[in-house]
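This report describes how several helices pack in the structure shown below, and then turns to a single residue.

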Amino acid sequence: LRMTGRLGIVKVANVEEKATTEAQRQLNAIKPARDELDAAILQANVSRHTVSGMDASLVRLSEAIELNYKLELFGSLPKSRRLMAALMKLKKAFVDVKAAVMQGQIALHQEAGEEAAIAELNAAIEAADEVNLHKGLPVAVDLLNELIHMNAQHQQLQAAMDPAGVR
């Protein structure tokens, strides 16, 4: 009976020690998790202002948010999620501008498809304005003006080729 009592005490002590070790491990993870979230927020803000390194910032911020969520550190999560959403919107606008410029350059080179390219450039420029994106816009605006001019010439040529004005 004594042996069982001592074994029971030893087992309880082992369980308590494991629980204490686990709690200590979680406590030790809190400060680094908070620090990582703070660093990820700083990196994301730099990416927003420089419009560069957005992919790495999004990955880091996402991982830091996930870690803080798992540790039930909810304090900075709403702000972090809003920042992540804003950075994703900025990245999308930047990618859309680049894609519209590419489409516009192809239309300009081929002298065809300018109406679709004009529509894409207009939409991309408007989306960029919404997120206060300026990077790449001068090129997009110049290209848009060239395409509008080319489209006007094409329409004049088409009107001149239509003798009766019938379409």
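At what angle do the axes of α3 and α5 cross? They cross at roughly 35 degrees and come within 10 Å; axes here are lines fitted to C-alpha atoms, for helices over the stretch in contact, and angles run from 0 to 180 degrees between N-to-C directions. Helices are DSSP runs (H or I, at least four residues) numbered from the N terminus.

The model is predicted: local features need pLDDT of at least 70 and side-chain atom pairs count only at pLDDT 80 or more, whereas totals for chains, interfaces and linings use all residues. Residues are numbered from 1 along each chain as its sequence is written, and side-chain values use heavy atoms, with hydrogens and water left out.

**Packing of α3**

The crossing of α3 over α5 is left-handed, a term for a near helix turned anticlockwise from the far one by less than a right angle. Contact means heavy atoms within 4.5 Å. On the α3 side, the residues that meet α5 include Val97, Val101 and Leu108; on the α5 side they include Leu137, Leu143 and Met150.

With α4, α3 packs at an angle of about 155 degrees, the axes being 8 Å apart. The two helices are therefore roughly antiparallel, the class for angles over 145 degrees. This crossing, too, is left-handed. Among the residues in contact are Ala93, Ala100 and Gln103 of α3 and Ala117, Glu120 and Leu121 of α4.

The table gives the residue classes of both contacts; Ala, Val, Leu, Ile, Met, Phe, Trp, Tyr, Cys and Pro count as nonpolar, Asp, Glu, Lys and Arg as charged, and the others, Gly among them, as polar.

| Contact | Nonpolar | Polar | Charged |
|---|---|---|---|
| α3 with α5 | ten residues | two residues | one residue |
| α3 with α4 | eleven residues | two residues | five residues |

**Nonpolar core**

The largest nonpolar core (buried Ala, Val, Leu, Ile, Met, Phe, Trp, Tyr and Cys residues joined through side-chain atoms within 4.5 Å) has 35 residues. Leu90, Val97 and Leu121 are among those with the most contacts inside it. Helix α3 gives the most to this core, with eleven residues.

**Glutamate 120**

Glutamate 120 lies in α4, residues 114-130. With a relative accessible area of 41%, glutamate 120 is partly exposed, that is, between buried (under 20%) and exposed (over 50%), for a 1.4 Å probe and protein chains only. Beyond residues up to four places away in sequence, glutamate 120 touches Ala100 and Gln103. Its C-alpha atom is separated by 8.2 Å from that of glycine 104, 16 residues apart along the chain.

Note on methods:
Parallel < 35°, antiparallel > 145°, perpendicular 65-115°, else oblique.
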